[in-house]
Amino acid sequence: MNYLSKRLIRAILVLLGVSFATFLVAQSTGDPVALLVKPNATEEAREALTRHLGLDQPLLVQYGLFLWRALQGDLGQSFVYNQSVVSLVADRLSNTFLLAFVSFAIALVLSVTLGVLAALYRNTWIDAAITVFTMIGLAVPAFWLGLMLILIFAVTWQFFPVSGSDQASSLVLPALTLSMQSTARLCRLVRSGMIEVLNADFIRTARAKGLFESRIVWVHALRHALLPVVTMAGLELGDLISSAVVIEAIFAWPGIGRLAIGAVSSRDFPLLQGTVLVSAFCFVAINLFVDWLYHRIDPRVRNT
């Protein structure tokens, strides 16, 4: 409880910092009233709308009201949609989670498989090919990869839809695009961990006892090599949720990323603050879970 309570306090401080930074950045983008009123509106109408939106109060007062309402589960009212921010985010959050978790599953399966193969066939053409693949995955920007996948598999060959979420196959291209960099990072980590574990004394002892090589690799060695991967995987999952903004815009995926982009362009402060705060909360919650999981897996961290 002491271990988790320290991290819970840090998580609360992170959320406070994110909310304050988002509030300041959103306020510096300009006056949303200029976009909401008609060009020929009178000055009295502009002032009335400013008072109605609560933008006539000092910034610290506005932030304090936002924080107080957020603690009660109220993220405010969207300027553009004239709906509750909570309801708008809740409608899109499941789509973002679906995209992030499918991408995470793809990244986890590919990275573990390729990382183990690279470690087993170290310094061979297989290792070299996997290394080149991971370098490309790290170097290629996600937006360019997404456009290339659309051009090849949606426009030229027409295997998958170009955009939207009407079909299950619509998830394939955005999930592959989003998972590429996570696959590359985790693959390198699995490879280095497996190389270290395969040279350990207990692996040589297991081989001397006559255990099958497949059991040695996929059970004994992999279990120990995945300990550092657990922490990295949690960070990757949180990063996938927050990085889905660009991918959702490219593939017209109806998640909170597209909602946030629309909020930026329309200066919808409550909606922008709500989407960022929810994304930050998901990231922090995932990392708290990973801390707890790592604490259960490795007792050595209990005294840290």
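## Getting started

Helices here are DSSP runs (H or I, at least four residues), strands are runs of E with at least two, and numbering starts at the N terminus. You're looking at a predicted model, where local features need pLDDT of at least 70, side-chain atom pairs count only at pLDDT 80 or more, and totals for chains, interfaces and linings use all residues. Residues are numbered from 1 along each chain as its sequence is written, and side-chain values use heavy atoms, leaving out hydrogens and water.

## The largest pocket

The largest pocket (an open set of points on a 1 Å grid over the protein atoms alone, with protein on both sides within 12 Å along at least five of seven lines) has a volume of about 500 Å³. Volume is the space filled by probe spheres set on the points, which are joined across faces, edges and corners. It's lined by 21 residues (an atom within 4 Å of a point), and L53, R69, Q77, F79 and P270 are the closest to its centre. Helices α1 (2-27), α3 (43-53), α4 (59-71) and α13 (269-297) each give two or more residues to this lining, with the largest share, four residues, coming from α4.

## The second largest pocket

The second largest pocket holds about 420 Å³ of space. Its lining has 17 residues, and A70, L71, L75, L277 and F281 sit closest to the centre. At least two lining residues come from each of α1, α4, α5 (85-120) and α13.

## A single cavity

Searching the whole structure turns up one cavity of 30 Å³ or more (points where a 1.4 Å probe fits but cannot get out). About 40 Å³ of space lies in the largest cavity, and its lining includes F160, P161, L173 and F251.
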